[in-house]
Amino acid sequence: MNSNRKRIRILEARQLELANHPQDDKIQKIDALGLSGGSLNSYQKWAQAYQTLTTKTFDQINDDLGAAQDHNSLLRFYQSKRDITKVESALGNAEKQMADVSEAFDKILEKAKENERQVAELRTQYDALRKQLLTQSFAFGEALPALENQLTAIESAFDKAEQQKNSSDFLEEQTTLASVAKQLKDLEANMISIRPLYAQIVNSFTSQLDEQQKGFDILRKQQYQFPGFDVPGEIAKLRRFQMQTLQILAQLAIPTAKKRNEDQSKAIDRIYDVMQTEIDSHQFVEAEQDRLSQFMGHAAHQNNNLLDELDHLDQSYILNHDEMKTAAGYKQTIGELQGAFDQDIQAITEKRAVYSIIADNFKRYRNELKKIETVQIQIHNKLADLYKGEQMALESLKEFEVAMRNIKRRVTQFNLPGLPKKYLDFYYVVTDEIKQLHTDLDQVKIDLDAITKQLILTSDDIDKLKQQTEDLIDAASIGQQLLQYANKYRNENTDVANAVSDATRLFNIDYDYPAALDKVSSVIENVEPGAYKQIEDSYYKHKTDALI
């Protein structure tokens, strides 16, 4: 078959291509290296694989390909196709094996070159670190011996790698060089970390502690006190702590040394804070002393004036908000604050003052005095309002009396036959309220709080009485007009006659003007719809015009 012949030609081309890629040159180069150890074992494994591939595997592929050609020539197409499939699979495997062998040989040759490059790089790095340790040994202090030990270990590792190279064990040499790279990385990291830690310990911390000791000596001569905090003791403790950290750093315990430096930095800052607090407090006390003394005197003077004013007003007014008690309490409080302030001043005079405590005391005194001053002003303002309140109450009382006279005059103008009992009762209630206000305002000591509440109540009641008066007058006036209007239907309509009779009784005897209006308006609407609305509108229009 043509298709079999085509496939056979392709396989022959692939077989030729594979045979034209020998590895002999690479084998000669590797043999020249004189490998040993793990490198030799690896090479021998791949060389054996290459030998098997180029002999047994190649021979088998050649035999199977010849069989495929023979079967196809003899028209045994099925057998030829089966041979072709077998050759395709075997040839694919052989191609992959050849690629693997070639790659393995390349890696062996590359490792030798790569190791040489890595050795050069690591040597350069090693020389730079060694030079830095030698020329800048002062920067590493007690950690220098440990760092030099690391250098020695790295030099030994280099020697081991050289021996492995000389014996052509490139795989083991690569492992050793990886170890050297890690050791150099660790050494460099240690050097980078140790330099600032050591400088902080021997330079920064030492100078700071010296400065603190000097500052403390000066402050003690100036009679500064530090109760509860032993400054020289803390400084001595931190110096011992410093020495211990250097020993820890010598063991290359860098994380521990770093943490200890952070703790010491915080402890040093704490000493600075304690000393600075006393210095700042001293300055504050000096600046505040005279001002606070004046404030004390002012508060006492104001409170005495307030007590005098309260005593005077207590003769005429009832004081309902414990003003006297409050002012008397403030007098005692101001006296206690003055006593405490005097003790603080005495401590300053006797050179035994703890300025931070006195500064806190001064701030507390001022806050207390400000609170007292605020309440004093509030009380004073309330007292100033007492006389004004009394005058306003008297004016309101006059207005109430005028309003009641106007109400009485308004009712009298209409000559009503009488007034309902409910209305009169409320009228007399309001009258009694006004009389009571007269009595309350005529007292030797008046209670303005109670009077103010009564003024509000009476004002509301007068407004209600005015409205009731107008409602009463409106109902009576409209009712009278409706009764007159209903008389024209009285003789011809029994319902109207009865309603007029009932309404007249309600009007003239019971004085129930709203009920009389309801009675007559209902019957008028039945007889003449719209008549009531017309009369009501006319009345309110006339009333509005009269007011205008």
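These are my notebook entries on a helix, some aromatic pairs and a few side-chain contacts in a predicted model.

**Helix 7**

I began with helix 7, which runs over residues 231-250 and so comprises 20 residues. From the first C-alpha to the last I found a reach of 29 Å, which is close to the 28 Å expected at 1.5 Å a residue. I then looked at which of the helix 7 residues are buried, and the list holds V231, I235, L238, Q242, T245, L246, I248, L249 and A250. An α-helix has 3.6 residues a turn, so residues three or four places apart point the same way. I kept that in mind when reading the buried list, which includes V231, I235, L238 and Q242.

At the start of helix 7, I noted that a side-chain oxygen of D230 comes to within 3.1 Å of the backbone nitrogen of G233. At the other side, the helix is followed by L252, for which I read a positive phi, near 60 degrees.

**Aromatic pairs**

How many aromatic pairs does the ring-centre rule give? The count comes to eight. I looked up the pair of Y224 and Y355, which is tilted, with 5.6 Å from centre to centre and 55 degrees between the planes. Y224 belongs to the loop between helix 6 (170-221) and helix 7, whereas Y355 belongs to helix 10 (residues 355-412), so this pair ties together parts that are 131 residues apart in sequence. Y224 has a relative accessible area of 4% and is buried; Y355, at 9% relative accessibility, also counts as buried.

Next I took F341 and F362, another tilted pair, for which I noted 5.4 Å from centre to centre and 35 degrees between the planes. F341 lies in helix 9 (residues 323-349) and F362 in helix 10, so the parts tied together here are 21 residues apart in sequence. For burial I read 4% relative accessibility for F341, which counts as buried, and a relative accessible area of 0% for F362, which is buried as well. Following the ring pairs further, I found that they link F341, F362 and Y365 into a cluster.

**Charges over rings**

I also checked where charged ends sit over rings, and noted R260, whose charged end sits over the ring of F241 at 3.8 Å from its centre. For K363 the ring is that of F284, and the charged end sits over it at 5.4 Å from the centre.

**Two residues of helix 6**

Is Q212 of helix 6 buried or exposed? With a relative accessible area of 1%, Q212 is buried. Its side chain reaches the backbone oxygen of I268 at 2.9 Å. Leaving aside residues up to four places away in sequence, I found that Q212 touches I235, I268, I271, Y272 and M275; one of these, I235, is among the buried residues of helix 7.

D210 is likewise found in helix 6, but at 39% relative accessibility I have D210 down as partly exposed. I looked up D210 together with R239, and the two are 29 residues apart in sequence and 9.9 Å apart in space, C-alpha to C-alpha. Their side chains are joined by a polar contact of 2.8 Å.

**Record check**

Last, I turned to UniProt, where an unreviewed entry lists residues 84-174 and 434-468 as "coiled-coil region". Over residues 434-468 I found the chain to be 83% helix and 0% strand, with the end C-alpha atoms 18 Å apart.

Conventions. Residues are numbered from 1 along each chain as its sequence is written. This is a predicted model: local features need pLDDT of at least 70, side-chain atom pairs count only at pLDDT 80 or more; totals for chains, interfaces and linings use all residues. Side-chain values use heavy atoms; hydrogens and water are left out. Helices (H or I, at least four residues) and strands (E, at least two) are DSSP runs, numbered from the N terminus. The expected span of a helix is 1.5 Å times one less than its number of residues. Buried means under 20% relative accessible area, exposed over 50%, partly exposed in between (1.4 Å probe, protein chains only). A polar contact is a pair of N or O atoms within 3.5 Å; within protein, one must be able to donate a hydrogen and the other to accept it, and residues adjacent in sequence count only if both atoms are side-chain atoms. UniProt positions are given in the numbering used here, feature names are shortened, and annotations may be inferred rather than shown by experiment. Rings of Phe, Tyr and Trp (its six-membered ring) pair if their centres lie within 6.5 Å; planes under 30 degrees apart count as stacked, over 60 as edge-to-face and the rest as tilted. A charge sits over a ring if NZ of Lys or CZ of Arg is within 6 Å of the ring centre and within 35 degrees of the ring normal. Contact means heavy atoms within 4.5 Å.
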